[in-house]
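Here are some notes on the structure, set out as numbered points so that each can be checked against the coordinates. They begin with the ligand and then turn to two pairs of helices.

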Amino acid sequence: MTEIMIYNINDKGYYGEFGGAYIPEMLYPNVEELSQKYLAIMNEASFQKEFNQLLKDYVGRPSPLYFAKRLSEKHNTKIYLKREDLNHTGAHKVNNTIGQILMAKSLGKTRIIAETGAGQHGVATATVCALMGMQCIVYMGAVDIERQAPNVARMKMLGAEVRPALSGSKTLKDATNEAIRDWINNPTNTHYIIGSVVGPHPYPDMVARFQAVISEEIKWQLKDKEGTETPDHVIACVGGGSNAAGAFYHYLDDTNVNLIAVEAAGKGIHSGESAATSILGREGIIHGSKTLLMQTNDGQITEPYSISAGLDYPGVGPMHAHLYKTGRAEFLAVTDDEAMTAGLELSQLEGIIPAIETAHALAVFDKKAFKASDIVILNVSGRGDKDLQNYIDYFKL
Ligand SMILES: *Cc1c(COP(=O)(O)O)cnc(C)c1O
């Protein structure tokens with residue numbers, strides 16, 4: 001590993017040309033407070049102790065690194081699955097919400113707000129608010145509230161208030177606008193928990209650091225199993241990019257490790273119904289960050305599409321925009337059909353039903369050949385229980 005961090009964030013809050021904090025004046029005090037304090041708080045021994053204890057006893061970490069023998073035989077390479085699907089609440093998202101609720105506590109905040117699209121981040125946030133006895137308000141587009149009834153019920157069961165966003169297309173970006181408005185109106189007692197490596201600095205870096213536990217564990221787990229900390233390839237799906245950021249983090253500057261980021265191509269990259277953000281995107285500003293995003297010629301953000309609710313985000317975190325632009329990571333786009341096929345394959349070869357987001361990453365094995373001696377790590381970002389109705393409809397089960 002080199003000492004110079006080329007691919008990680010710099011001290012100005014940028015990954016190369018991407019990142020920064022492009023926010024309305026009225027939000028500046030909130031973001032600045034977080035920016036000034038987050039690293040010092042994260043480095044406190046008491047913070048580290050409580051974070052690690054909760055990851056162990058509440059989330060169930062370390063998540064196993066599992067050698068997938070039958071999947072490896074089928075694709076003639078050595079495949080290890082990092083089992084984030086076994087975390088409490090069924091995905092990697094809880095690593096971040098645990099970290100941020102402790103951050104909120106350290107900052108003296110008593111009220112939590114969040115935005116959610118499919119509801120997964122809302123559930124992970126409501127979960128940690130219940131754990132810490134904090135007030136929780138989740139903004140969600142009115143259309144998404146209709147579409148994601150089970151997650152709305154979960155959030156309510158956990159004691160959160162779900163507030164509908166009624167403007168615009170009544171989906172994720174409108175919920176985000178409502179959350180930002182709330183934060184401007186409640187600058188002193190409220191912390192805004194963002195759900196991926198997106199948003200103004202310091203969110204992308206803070207969330208990446210909380211998710212970095214994934215690659216921290218991979219290193220010692222792989223050392224145990226293979227005698228090396230260094231795999232040949234690490235594969236992860238990318239919506240906003242947080243599970244990929246966590247799986248890549250400790251390998252970012254080790255160019256012996258090939259990083260493979262998988263985006264959702266929906267019905268085809270150029271079909272007009274896609275979420276292949278890096279490939280289709282151009283530079284622009286979304287949610288306070290300069291990054292690659294899908295937009296029309298006159299700069300209107302285009303509505304993304306994917307069969308997987310967790311991947312249909314029109315932007316990508318600034319770390320990934322930089323990994324794309326520099327060629328440090330390989331970006332592949334996987335269609336709905338390819339992902340569904342790969343999800344069924346993992347279920348029947350290994351007895352693991354993956355989230356449809358994860359199934360996109362798994363489809364790489366049908367698109368790209370690896371050497372028999374290669375060690376390939378695939379981050380299983382979540383379990384498929386939440387997607388059962390989608391699988392039922394698709395395969396007519
Ligand atoms: C939310 C989600 C994703 C996408 O989010 P990232 O920030 O890109 O990781 C991927 N997989 C699962 C299971 C999710 O819930």
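1. Which of the 15 residues around the ligand come nearest? In this predicted model, the residues that come nearest are Lys-93, Ser-196, Gly-239, Gly-241 and Ser-242.

2. On the polar side of the ligand's surroundings, one oxygen contact involves the protein backbone, where a polar atom of Gly-239 is 2.7 Å from an oxygen atom of the ligand. Side chains also take part: an N or O atom in the side chain of Asn-243 is 2.8 Å from a ligand oxygen atom, and an N or O atom in the side chain of Ser-381 is 2.7 Å from a ligand nitrogen atom.

3. Helix α4, residues 93–106, packs with helix α9, residues 203–211, at an angle of about 115°, the axes being 8 Å apart, and the crossing of the two is right-handed. To this contact α4 brings Lys-93, Asn-95, Asn-96, Gly-99, Gln-100 and Met-103, while α9 brings Tyr-203, Met-206, Val-207, Phe-210 and Gln-211. Sorted by class, the contact has 5 nonpolar, 5 polar and 1 charged residues. Lys-93 of α4 is thus named both in this contact and among the residues that come nearest to the ligand.

4. The axes of helix α5, residues 120–132, and helix α7, residues 149–157, come within 9 Å and cross at roughly 10°, which means that α5 is roughly parallel to α7. The crossing is left-handed, and the contact is made by Gln-120, Gly-122, Val-123 and Ala-126 of α5 together with Asn-151, Arg-154 and Met-155 of α7. By class, this contact has 3 nonpolar, 3 polar and 1 charged residues.

How values were computed. Residues are numbered from 1 along each chain as its sequence is written. This is a predicted model: local features need pLDDT of at least 70, side-chain atom pairs count only at pLDDT 80 or more; totals for chains, interfaces and linings use all residues. Side-chain values use heavy atoms; hydrogens and water are left out. Axes are lines fitted to C-alpha atoms, for helices over the stretch in contact, and angles run from 0 to 180 degrees between N-to-C directions. Helices (H or I, at least four residues) and strands (E, at least two) are DSSP runs, numbered from the N terminus. Angles under 35 degrees count as roughly parallel, over 145 as roughly antiparallel, 65 to 115 as roughly perpendicular and the rest as oblique. A crossing is left-handed if the near helix is turned anticlockwise from the far one by less than a right angle, and right-handed if clockwise. Contact means heavy atoms within 4.5 Å. Ala, Val, Leu, Ile, Met, Phe, Trp, Tyr, Cys and Pro count as nonpolar, Asp, Glu, Lys and Arg as charged, and the others, Gly among them, as polar. A residue is near a molecule or strand if one of its heavy atoms lies within 4 Å of it. A polar contact is a pair of N or O atoms within 3.5 Å; within protein, one must be able to donate a hydrogen and the other to accept it, and residues adjacent in sequence count only if both atoms are side-chain atoms.
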